[in-house]
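Me: I'd like to learn how to read a structure like this one. Could you walk me through a few features?
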Amino acid sequence: MASRGGVMVTGTNGADYEHREKIAAQYQISALNKSRLKYCIFFHHILFLAMLAKLSADILDKLDIFILEIEELQIPQPLWWEYIWCLSLLLSFVGLSAIKRNNVKQLRRYMYGITALGLGPLLYCVVYYCGDVYEYLTVDEDEVEDMDIQLWQGYPYGLLWYVFVFLSCQVHMFQLYFSVILLRAWRSRTKKHE
């Protein structure tokens with residue numbers, strides 16, 4: 001050992017500690033992807049707030065609360081898939097708990113839930129509005145008023161939903177991707193300890 005200003009131990013050049021300074025790759029991968037998954041969950045919460053704003057008119061109607069400004073927006077009635085997609089937010093707590101404790105079982109539940117409650121309703125939305133979007137994209141601008149597609153504030157409603165689906169699918173796919181990487185890292189750690 002060397003002391004400050006003292007003589008260095010014979011037989012070493014001072015680099016013999018480097019083998020102890022390395023962090024195993026699975027721990028680095030785990031830490032990095034836990035952080036990335038937390039960001040994805042944060043963006044999921046932002047998308048939920050956007051969906052909640054869209055559903056606010058229907059929720060207030062069911063609670064028998066009248067707010068003129070919201071009623072004047074003439075927000076279309078929601079479909080069942082919108083409420084089912086909102087349930088996917090509850091899975092974020094399962095995901096956060098799983099990454100806090102490195103729990104493989106909970107992370108799998110989170111992944112299955114995101115697939116069913118996140119991507120499933122979005123797939124239904126794509127199929128439901130594909131006719132309207134195709135019709136809107138294939139006709140001339142002059143014929144838009146004559147078409148039988150739903151418009152909101154002058155914009156095609158289906159196309160607005162496709163923007164939401166595009167953003168949501170990206171968030172959900174990244175959530176699943178980072179979850180798979182975490183599962184692999186956690187499995188490699190348990191295999192090495194056995």
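Reply: We'll go through a helix, some residues in their surroundings and the aromatic rings.
This is a predicted model, where local features need pLDDT of at least 70, side-chain atom pairs count only at pLDDT 80 or more, and totals for chains, interfaces and linings use all residues. Residues are numbered from 1 along each chain as its sequence is written, and side-chain values use heavy atoms, with hydrogens and water left out.

Me: What span should helix α6 have, and how far apart are its end C-alpha atoms?
Reply: Helices (H or I, at least four residues) are DSSP runs, numbered from the N terminus. The expected span is 1.5 Å times one less than the number of residues. For the 35 residues of α6 (residues 104-138) that gives 51 Å, and the end C-alpha atoms are 47 Å apart, which agrees.

Me: Where does α6 bend?
Reply: A bend is the angle between axes fitted to the seven residues ending at a residue and the seven starting there. In α6 the bend is about 50°, at Tyr-129.

Me: Is Met-51 buried or exposed?
Reply: Buried means under 20% relative accessible area, exposed over 50%, and partly exposed in between (1.4 Å probe, protein chains only). Met-51, in helix α2 (residues 25-62), has 1% relative accessibility, so Met-51 counts as buried.

Me: Which residues is Met-51 in contact with?
Reply: Contact means heavy atoms within 4.5 Å. Leaving aside neighbours within four places in sequence, Met-51 contacts Trp-81, Glu-82, Trp-85, Cys-86, Trp-161 and Phe-164. Cys-86 is 35 residues away along the chain, yet its C-alpha atom is 7.5 Å from that of Met-51.

Me: What does the side chain of Lys-34 reach?
Reply: A polar contact is a pair of N or O atoms within 3.5 Å; within protein, one must be able to donate a hydrogen and the other to accept it, and residues adjacent in sequence count only if both atoms are side-chain atoms. Lys-34 lies in α2 too, and its side chain reaches the backbone oxygen of Ile-99 at 3.0 Å.

Me: How many aromatic pairs are there?
Reply: Rings of Phe, Tyr and Trp (its six-membered ring) pair if their centres lie within 6.5 Å; planes under 30 degrees apart count as stacked, over 60 as edge-to-face and the rest as tilted. That rule gives eleven aromatic pairs. One of them is Tyr-128 with Tyr-129, edge-to-face at 4.9 Å centre to centre and 85° between the planes. Trp-161 and Phe-164 have ring centres 5.5 Å apart and planes at 85°, so that pair is edge-to-face.

Notes: Helices (H or I, at least four residues) and strands (E, at least two) are DSSP runs, numbered from the N terminus.
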